[in-house]
Amino acid sequence: MTPTDTTARTDARTAPRPGALDGVRVVDLTQVMAGPFATMLLADLGADVIKVEQPGSGDQTRVSWGYPPPGRDSPAFHALNRNKRSVTLDLGSEQGKSGFRRLLADADIVVENFRPGVAARLGVDYDSVRAIKPDIVYASVSGFGQYGPYAERPGYDLIAQGMAGAISITGDPDGAPVKCGLPVGDLGAGLFCLYGILGAHIHRLRTGEGQYLETSLYEAVLALSVWESTEFFSTAKAPERLGSANRMSAPYQVVRAADGHLTIAANNQRLWQRLCQALGLEHLAGDERFATNMARMEHRPELIALIEGRLAATTVEEAVNLLLDAGVPAGPILDYAHILAHDPHAKVRAMVEEYEHPVEGPTRVLGFPVKLGRTPARIRRHPPLLGEHNAELLMPAPAEPR
Ligand SMILES: CC(C)(COP(=O)(O)OP(=O)(O)OC[C@H]1O[C@@H](n2cnc3c(N)ncnc32)[C@H](O)[C@@H]1OP(=O)(O)O)[C@@H](O)C(=O)NCCC(=O)NCCSC(=O)C(=O)O
């Protein structure tokens, strides 16, 4: 996309065009993070997502996550539920089941992330739904999948990170095991679920056939271990913790400068030679300890010590500029307070959006990471209040005048 493609840069909130998924209806039985993330991404692209929540409490994140103001929804709920409508249904009751059936009548997609077995107990599992709507695309997200030795276990990101390897390779070699900072299990499962849904939706459009799909936090974390599994398959050894270093190349990590840390990714031979030149370390380019990527990985501690020695009197800003001027990938390490409030790039890329919430007033959330040229994502609705759309979606239609 070129900077002159003004269609793609249309202000996301005022874009007049319908979304790419306009007209697609999703019945959303999800809660917490993994499922709501998948359904929010569908909603951002225009799908009509109807969130079904337990009366009284609703999604767990409404009241019990983060720092909810008393009696109000937590910011954690806001972060994952924009563009959706909310209805409350006690799926254990006959009235709730009948409300659910009513929503199904116009549904294309159903998504749930209960513990395996819960959806069947509530009568909202795939078999129950397809009996009413045979062409439905039905997606389940769980901790470990719907079958297998761990299937019955409840799952949170932390547990999946521990059991699918991420914690074993994160952190410093001599430190305690550390989880990956971002919830890659939840968000990865949400993204894989979304990918499965879109694939199944395209298949349905082509053939009229619905299908069941499922993924899990566990499989998401494992599927992201591309380098780690490669290392194990090629060496038969368990990959170890490397701090910020890369297990496939060097130098590619966080390094210390005079006033802080920066990242350097001289990830191929040309970039390595440029780095040596930029830092006045030409003699290292000819040093056989560092002649190839493999040699550099073997001698990583000496290599990093030499680079850090060179940068000991150089500020992060100077070092980054020096490297970027030479075409070597490098950058500062920024925190979220800086990025979300001040970073000019995040601003130009519209990575913070603001909407008007009926209780909270102006509220900020993350923007859209994908810019669609013709059908941009946009905020069409605030995150719904609990049961805000009961009347419009569940009340019986008024009798036709005679
Ligand atoms: C997240 C969970 C561990 C939470 O466990 P629980 O608190 O036990 O919730 P469950 O959803 O399994 O079950 C909730 C109970 O509420 C009942 N229930 C729920 N909704 C309804 C409605 N609408 N009507 C009536 N009853 C309902 C349901 O029958 C269950 O009761 P009973 O039938 O009586 O049991 C689990 O849902 C889970 O493993 N989900 C799959 C993986 C996942 O998505 N994890 C969260 C990712 S986010 C994350 O990890 C992170 O943010 O960090």
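Here a biologist and a modeller talk through a predicted model of a protein chain with a ligand.

Biologist: Let's start inside. Which element gives the most to the largest nonpolar core?

Modeller: That core has 36 residues, and Val26, Leu42, Ala47 and Ile109 are among those with the most contacts inside it. Several elements supply at least two residues each, including β4 (109-112), β5 (137-142) and α8 (184-207). The one that gives the most, with seven residues, is α1.

Biologist: What does Ile109 touch, leaving out residues up to four places away in sequence?

Modeller: Ile109 is one of the residues with the most contacts inside the largest core. Leaving those sequence neighbours aside, Ile109 touches Val24, Arg25, Val26, Val27, Ile136, Val137, Ile197 and His201.

Biologist: And how many residues are in the other core, the one with Trp272?

Modeller: That one lies apart from the largest core. Leu279, Leu281 and Leu303 are among its residues, along with Trp272, and the count is 25.

Biologist: On to the ligand. Which side chain has a polar atom 2.8 Å from an oxygen atom of the ligand?

Modeller: Let's go through three candidates. Gln54 has a polar side-chain atom 3.1 Å from a nitrogen atom of the ligand, while for Gln60 the partner is an oxygen atom at 3.4 Å. The side chain with a polar atom 2.8 Å from a ligand oxygen belongs to Asn113.

Biologist: How much of the ligand's exposed area does the protein bury?

Modeller: Picture the ligand taken alone: it exposes 1000 Å². With the protein around it, the buried part of that area comes to 79%.

Biologist: Which element gives the most residues to the shell around the ligand?

Modeller: There are 25 residues around the ligand, with Gln31, Arg115, Gly155, Asp157 and Asp186 coming nearest. By class, the shell has eleven nonpolar, eight polar and six charged residues. The element that gives the most to this shell, with three residues, is α5.

Biologist: One more spot: is Glu94 buried or exposed?

Modeller: Glu94 sits in helix α4, which covers residues 94-104. Its relative accessible area is 53%. A residue needs over 50% to count that way, so Glu94 is exposed.

Biologist: What distance separates the C-alpha atoms of Glu94 and Ala313?

Modeller: Along the chain, these two are 219 residues apart. In space, the separation between their C-alpha atoms is 72 Å.

Definitions and conventions:
Residues are numbered from 1 along each chain as its sequence is written. This is a predicted model: local features need pLDDT of at least 70, side-chain atom pairs count only at pLDDT 80 or more; totals for chains, interfaces and linings use all residues. Side-chain values use heavy atoms; hydrogens and water are left out. A nonpolar core is a set of buried Ala, Val, Leu, Ile, Met, Phe, Trp, Tyr and Cys residues joined through side-chain atoms within 4.5 Å. Buried means under 20% relative accessible area, exposed over 50%, partly exposed in between (1.4 Å probe, protein chains only). Helices (H or I, at least four residues) and strands (E, at least two) are DSSP runs, numbered from the N terminus. Contact means heavy atoms within 4.5 Å. A residue is near a molecule or strand if one of its heavy atoms lies within 4 Å of it. A polar contact is a pair of N or O atoms within 3.5 Å; within protein, one must be able to donate a hydrogen and the other to accept it, and residues adjacent in sequence count only if both atoms are side-chain atoms. Accessible areas come from the Shrake-Rupley method with a 1.4 Å probe; for residues, only the protein chains shown count as cover. Ala, Val, Leu, Ile, Met, Phe, Trp, Tyr, Cys and Pro count as nonpolar, Asp, Glu, Lys and Arg as charged, and the others, Gly among them, as polar.
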